[in-house]
Amino acid sequence: MAETSLFRGLDSRGNIAREGSLARVADAFRPVVLAARERIPDVFGDRLHSAYLYGSIPRGTAREGRSDLDLLVVLREEPTDADRTDGRALDEALDKEFPQIDGGGTLLVGHARVLSDLERHDLGWFLACLCTPLLGEDLAEYLPHYRPDSLLARETNGDLALVLPRWRERIASAADSEEALRPLVRVMSRRLVRTAFTLVMPRWNGWTSDLHEMAEAFGLYYPQRAEELRAAAVLGYEPTGDSAVLASYVDDLGPWLAEEYARVHGVKADRPKEP
């Protein structure tokens, strides 16, 4: 029984185990991580509270030239436009200098927001379970343990219905080219697979960040949509700039998934609008 729990991303008490560690970073990516750790304090100075890695690099599954560098930076106050500009400049500099990564993104958040009641089962869970400490005090010490339950499902991905109109706008404004559409296919494929997985997560009773495993778990409970999710998982790792795929996401799979999610878990609590 314990082996099953550990395999499914849970600890011996049935809580979601924190994934990733600096020890799992492959040798090829260690110079990138070291550079990020050295530069983040220079960029944000006294405003910096802590910084974290997340994604494939700390999980040890990153692929040279294919994987991006994902950073979460917690500031002592809410991030400003200047902070966001600095974060983008950091991402661009690291991407240009290190060919082993294919882009990157620095997510900026304020200290109080991470620990707020509203974000406890979304951003707080993300930091505590999916992020690897890189710099500063680890805020996971102030957050609870998390189980793969319906509350977590609702608060992490129960807002797909709000996301779909924004996706339609992005698709409509994008150039009709492989280069322009490929990033959209990647982002939207990943979001749909993750949402489909958390829809069934309480029944599956576990956690994984592998898109293929997510799609297979979903297919156990919704076999009629299993092939669509398997295809989306493939595109989440190896995207193509296919406008027909994007249309199917916003016209069929996405709306169905949003409706089923709301039926099963309810709708995510309202958040303040992002600046």
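This is a guided tour of a few helix contacts, two cysteines and one arginine in a predicted model.

**First stop: α9 and α11**

Begin by selecting helix α9, residues 178–204, together with helix α11, residues 226–237, whose axes come within 8 Å of each other and cross at roughly 135 degrees. That angle makes α9 oblique to α11, and the crossing in which α9 passes α11 is left-handed. To see where the two helices touch, show the side chains of Val185, Arg186, Ser189, Arg190, Leu192, Val193 and Ala196 on α9, and those of Leu229, Ala232, Ala233, Leu235, Gly236 and Tyr237 on α11. If you colour this contact by residue class, you will find nine nonpolar, two polar and two charged residues.

**Second stop: α8 and α12**

Next, select α8, which covers 160–173, and α12, which covers 243–265. The axes of α8 and α12 are 10 Å apart, and the helices pack at an angle of about 175 degrees, so α8 and α12 are roughly antiparallel to each other. On the α8 side, display Leu160, Ala161, Leu164, Trp167, Arg168 and Ile171, which meet Leu246, Tyr249, Val250, Asp251, Gly254, Pro255, Leu257 and Ala258 of α12. Sorted by class, the contact of α8 with α12 consists of 11 nonpolar residues, one polar residue and two charged residues.

**Third stop: α7 and its surroundings**

Keep α12 on screen and add helix α7, residues 150–157, in which the buried residues are Leu152, Ala153, Glu155, Thr156 and Asn157. Which helices do the buried residues of α7 pack against? They pack against α6, at 123–130, and also against α8, α9 and α12, so named at the earlier stops.

Of these neighbours, look more carefully at α12, since its axis and that of α7 come within 10 Å and cross at roughly 145 degrees. Here α7 passes α12 in a left-handed crossing, and the contact is made by Ser150, Ala153, Arg154, Thr156 and Asn157 of α7 with Tyr261, Val264 and His265 of α12. The residues of this contact between α7 and α12 divide into three nonpolar, four polar and one charged.

**Fourth stop: Cys129 and Cys131**

Now select the two cysteines Cys129 and Cys131, bearing in mind that the structure holds zero disulfides. Cys129 is in no disulfide, and its nearest cysteine sulfur, which belongs to Cys131, is 9.5 Å away. Is Cys129 buried or exposed? With a relative accessibility of 4%, Cys129 counts as buried. Cys131 is likewise in no disulfide, with the sulfur of Cys129 as its nearest cysteine sulfur, and Cys131 is buried, having a relative accessible area of 0%.

**Last stop: Arg271**

Finish by selecting Arg271, which lies in the segment after α12. Arg271 is partly exposed, with a relative accessible area of 22%. Which residues does Arg271 touch, leaving aside those up to four places away in sequence? Show Leu118, Glu119, Asp122 and Glu155, which are the residues that Arg271 touches; of these, Glu155 is one of the buried residues of α7 from the third stop. For a sense of scale, add Pro239 to the selection and draw a line between the C-alpha atoms: Arg271 and Pro239 are 32 residues apart in sequence and 30 Å apart in space.

Conventions
Residues are numbered from 1 along each chain as its sequence is written. This is a predicted model: local features need pLDDT of at least 70, side-chain atom pairs count only at pLDDT 80 or more; totals for chains, interfaces and linings use all residues. Side-chain values use heavy atoms; hydrogens and water are left out. Axes are lines fitted to C-alpha atoms, for helices over the stretch in contact, and angles run from 0 to 180 degrees between N-to-C directions. Helices (H or I, at least four residues) and strands (E, at least two) are DSSP runs, numbered from the N terminus. Angles under 35 degrees count as roughly parallel, over 145 as roughly antiparallel, 65 to 115 as roughly perpendicular and the rest as oblique. A crossing is left-handed if the near helix is turned anticlockwise from the far one by less than a right angle, and right-handed if clockwise. Contact means heavy atoms within 4.5 Å. Ala, Val, Leu, Ile, Met, Phe, Trp, Tyr, Cys and Pro count as nonpolar, Asp, Glu, Lys and Arg as charged, and the others, Gly among them, as polar. Buried means under 20% relative accessible area, exposed over 50%, partly exposed in between (1.4 Å probe, protein chains only). A disulfide is a pair of cysteine sulfur atoms within 2.5 Å.
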